[in-house]
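Open the model in your viewer and keep the sequence panel beside it. This tour moves from one selection to the next and says what can be found at each stop.

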Amino acid sequence: FFISVKPETKFWKQVKKNLSSIYWQRFENWATPGVPDCHGIKEGIEVWVELKVIHSKKINLSPFQKSWHFTHSLHGGRSFIMATTLGESLLYIFPGSVALSIVSIAHCPSPNWQVDTKDPASWTQVEHLLLHCPLPKVSPENQ
């Protein structure tokens, strides 16, 4: 009997394994639309992360997800969308403040980061981005 692991589950396991110094809680959130998949905390710094496995260059965020990330950023919260494509080692990272303008990795809003996960040291860079990178200021006019 063969059980297939969903790509999203593989991605989650990769994140949890490679960012193990962050305490992670994963949410399968059916009750509150838009809340990201993962909440992490390290040394008092909290971060929310939406994980996306994409099959083409398109990143599908629901209106609820876009709204949650924008509003969270508006109030000074740290949140990100992390996307990876099947069969590639590239990880695309977007701050939640640009969620309203994310459509595809081919037309990435700024700021954004690309990390090659084949290099184990790249996960140190990902941790630094999630916990310490300066985030753009947002205002209600950005909607």
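How many residues does helix 2 have, and what distance does helix 2 reach from its first C-alpha to its last? The model you are looking at is a predicted one, and in it helix 2 has twelve residues and reaches 16 Å between those two atoms, which is close to the 16 Å expected at 1.5 Å a residue.

**Helix 2 and what follows**

Select residues 63-74, which make up helix 2, and colour Gln-65, Trp-68, His-69, Phe-70 and Ser-73, which are buried. When you show the surroundings of these buried residues, you will find that they pack against strand 3 and strand 4. Just after helix 2, select Gly-76, where phi is positive, at about 90 degrees.

**Arg-78**

Go on to Arg-78, which lies in the loop between helix 2 and strand 4 (79-85). What is the nearest side chain of opposite charge, and how far away is it? That side chain belongs to Glu-46 and is 11 Å away, and Arg-78, although it is buried, has no salt bridge. Now display the backbone oxygens of helix 3, which spans 122-132: the side chain of Arg-78 reaches the oxygen of Leu-129 at 3.2 Å, and a polar atom of that side chain lies 2.9 Å from the oxygen of Leu-130. If you leave aside the neighbours within four places in sequence, the residues in contact with Arg-78 include Trp-48, His-72, Cys-133 and Leu-135.

**Helix 1**

Next, select residues 7-18, which form helix 1, another helix of twelve residues with a reach of 16 Å from its first C-alpha to its last. Its buried residues are Phe-11, Trp-12 and Val-15, and they lie on the same side of helix 1 because they cover an arc of only 100 degrees around the axis. As a rule, an α-helix has 3.6 residues a turn, so residues three or four places apart point the same way. Turn the view to the other side of helix 1, where Lys-10, Lys-13 and Lys-17 are exposed. The buried residues of helix 1 pack against several elements, among them strand 1 (23-26), strand 5 (90-95) and helix 3.

**Val-53**

One of the residues touching helix 1 is found in strand 3, so to speak of it we select Val-53. Val-53 counts as buried because its relative accessible area is 11%. Leaving aside neighbours within four places in sequence, Val-53 is in contact with Pro-7, Glu-8, Phe-11, Thr-84 and Leu-86. Measure from C-alpha to C-alpha between Val-53 and Leu-86, and you should find 6.8 Å, although the two residues are 33 residues apart along the chain.

**The salt bridge**

Where is the one salt bridge that the structure holds? Select Lys-42 and Glu-127, which form a salt bridge with their closest N and O atoms 2.6 Å apart. This pair links distant parts of the chain, since Lys-42 is in strand 2 and Glu-127 is in helix 3, 85 residues apart. Glu-127 counts as buried, at 17% relative accessibility.

**Glu-43**

Finish at Glu-43, whose place is in the loop between strand 2 and strand 3. Is Glu-43 buried or exposed? Glu-43 is exposed, because its relative accessible area is 72%. Its phi is near 50 degrees, a positive value in a residue other than glycine, and most residues other than glycine have a negative phi.

Terms used:
Residues are numbered from 1 along each chain as its sequence is written. This is a predicted model: local features need pLDDT of at least 70, side-chain atom pairs count only at pLDDT 80 or more; totals for chains, interfaces and linings use all residues. Side-chain values use heavy atoms; hydrogens and water are left out. Helices (H or I, at least four residues) and strands (E, at least two) are DSSP runs, numbered from the N terminus. Buried means under 20% relative accessible area, exposed over 50%, partly exposed in between (1.4 Å probe, protein chains only). Lys and Arg count as positive and Asp and Glu as negative; His and the chain ends are not counted. A salt bridge is a side-chain nitrogen of Lys or Arg within 4 Å of a carboxyl oxygen of Asp or Glu. A polar contact is a pair of N or O atoms within 3.5 Å; within protein, one must be able to donate a hydrogen and the other to accept it, and residues adjacent in sequence count only if both atoms are side-chain atoms. Contact means heavy atoms within 4.5 Å. The expected span of a helix is 1.5 Å times one less than its number of residues. The arc is that of the directions from the helix axis to the C-beta atoms.
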